[in-house]
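Here is a friendly walk through one protein model, with a look at its charges, its backbone and its overall build. Have the viewer ready and follow along.

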Amino acid sequence: MQSWDSVVETWSPTSPHARLRAYSDAVTARLVDTWVDGPRTGTVLKTDAFDESVSAGLVPLLREKAGAIVIVDVAEAVLARGAERYPDVRFEQGDVRALAYDDGAFELVVSNSTLDHFDDEATLAAAVAELGRVLAPGGTLVLTLDNPVNPLVATRNRLPGLLRRLGIVPYPIGVTCGPSRLRHHVEAAGLEVVAACALMHVPRLLALPWLRLRGSVGALLACERLDALPTRYLTGQFVAVKAVKR
């Protein structure tokens, strides 16, 4: 996918988007740390190497959660940048809709905002099924998607071309689904959903000024307490599920 290669090749570590990566990494890492008991001796599959190509990503945490890490992506430049940053991790080219791994190959699968870049929900559902196929019995899937219930995310997703031209969103935007549809697709893949939440409750328009002034994500992380409220899916920018394969 040339578009993702282009994003990585033009990425600036001092851009506003880079500041937001620190927030995103911290929130997602805390979610995985909470939901995944560790350490485990098996192999974790992480979909999408973009995080690790432009920031710390999840590798520091995943090293504590599994015996080995495999990260799969379709974009060559993204994989190359990630491999430079983490030479001890296996970065492999592959499509999440048709993974070149045996059934039950992974004890843990982490897919953070990967499956929300396809053109239709049927393709998203097929990718969820594929993640379920490569997950071992007793294994855990942690999956996050853009949250269309959040009004700001819904508006953004209706204007992808305009927002990319304005530089507000640097990457391709695709279809996603809310908490009920996500649960449906995960259960249809033969997995049992054991937890669900929303995350990243501070909109980027507020998070960016804070990060410019303070540089710390601590106060932003404190806002994750909003997930305890009935309005969590209105404020969270992502929807997340934890599922197990019985």
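## Arg-97 and its partner

Arg-97 counts as partly exposed, at 42% relative accessibility. Its side chain meets that of Asp-95 in a salt bridge, with 2.7 Å from N to O. Asp-95 is partly exposed too, with a relative accessible area of 24%. Please keep in mind that this is a predicted model, so the distances here are those of the prediction.

## Other salt bridges

Side chains of opposite charge can pair when their charged atoms come close. The count in this model comes to 13 salt bridges. One of them joins Arg-63 and Asp-88, whose closest N and O atoms are 3.0 Å apart. This pair links distant parts of the chain: Arg-63 sits in helix 4 (residues 59-65), while Asp-88 sits in the loop between helix 5 (76-85) and strand 3 (90-93), 25 residues apart. Arg-63 is partly exposed, with a relative accessible area of 40%, whereas Asp-88 is exposed, at 52%.

Arg-246 and Glu-192 form another bridge, with their side chains meeting at 2.5 Å, N to O. Arg-246 lies in the segment after strand 7 (238-244) and Glu-192 in strand 6 (residues 192-199), so the pair ties together parts that are 54 residues apart in sequence. Arg-246 counts as exposed, with 68% relative accessibility, and Glu-192 as partly exposed, with 36%. Elsewhere, Arg-21, Lys-46, Asp-51 and Glu-52 are joined into one network by salt bridges that share partners.

## A buried acid without a bridge

Which side chain of opposite charge is nearest to Asp-73? It is Lys-46, and the distance is 7.3 Å. A salt bridge needs a side-chain nitrogen within 4 Å of a carboxyl oxygen, so Asp-73 has no such bridge, although Asp-73 is buried.

Asp-73 belongs to strand 2 (residues 68-73). Beyond its neighbours within four places in sequence, Asp-73 is in contact with Asp-48, Ala-49, Phe-50, Val-78, Leu-79, Glu-92, Gln-93 and Gly-94. Two acidic residues, Asp-48 and Glu-92, are thus among its contacts.

## Backbone details to check

Most residues other than glycine have a negative phi, and most peptide bonds are trans. Asp-48, one of the contacts of Asp-73, has a positive phi of about 85° although it is not a glycine. Asp-48 is placed in the loop between strand 1 and helix 3 (50-54), and is buried, with a relative accessible area of 11%. Ser-113 is also not a glycine, yet has a positive phi of about 50°. The place of Ser-113 is in the loop between strand 4 (106-112) and helix 6 (121-134); with a relative accessible area of 18%, Ser-113 is buried.

The peptide bond from Gly-38 to Pro-39 is cis, its omega being near 0°. To find Pro-39, go to the loop between helix 2 (16-35) and strand 1 (43-47).

## Around Val-202

Is Val-202 buried or exposed? Val-202 counts as buried, at 8% relative accessibility. Its place is in the loop between strand 6 and helix 10 (204-213).

Leaving aside neighbours within four places in sequence, Val-202 is in contact with Tyr-23, Ala-207, Leu-220, Cys-223 and Gln-237. Val-202 and Leu-220 are 18 residues apart in sequence, and their C-alpha atoms are 6.6 Å apart in space.

## The whole chain

The protein chain contains 12 helices and 7 strands. Its radius of gyration is 17 Å, which agrees with the value near 18 Å for a compact globule of 246 residues. Along the principal axes, the C-alpha trace spans about 45 × 40 × 35 Å. Among contacts between residues at least 6 apart in sequence, 79% join residues at least 24 apart.

Buried residues make up 55% of the 246 residues. The chain exposes about 11,000 Å², and carbon and sulfur atoms supply 55% of that area. On the charge side, there are 26 positive and 28 negative side chains, and the centres of these two sets lie 8 Å apart.

Notes:
Residues are numbered from 1 along each chain as its sequence is written. This is a predicted model: local features need pLDDT of at least 70, side-chain atom pairs count only at pLDDT 80 or more; totals for chains, interfaces and linings use all residues. Side-chain values use heavy atoms; hydrogens and water are left out. Helices (H or I, at least four residues) and strands (E, at least two) are DSSP runs, numbered from the N terminus. Buried means under 20% relative accessible area, exposed over 50%, partly exposed in between (1.4 Å probe, protein chains only). Lys and Arg count as positive and Asp and Glu as negative; His and the chain ends are not counted. Contact means heavy atoms within 4.5 Å. The radius of gyration is taken over C-alpha atoms; the globule rule is 2.2 Å times the number of residues to the power 0.38. Accessible areas come from the Shrake-Rupley method with a 1.4 Å probe; for residues, only the protein chains shown count as cover. The place of a charge is taken as NZ of Lys, CZ of Arg, CG of Asp or CD of Glu.
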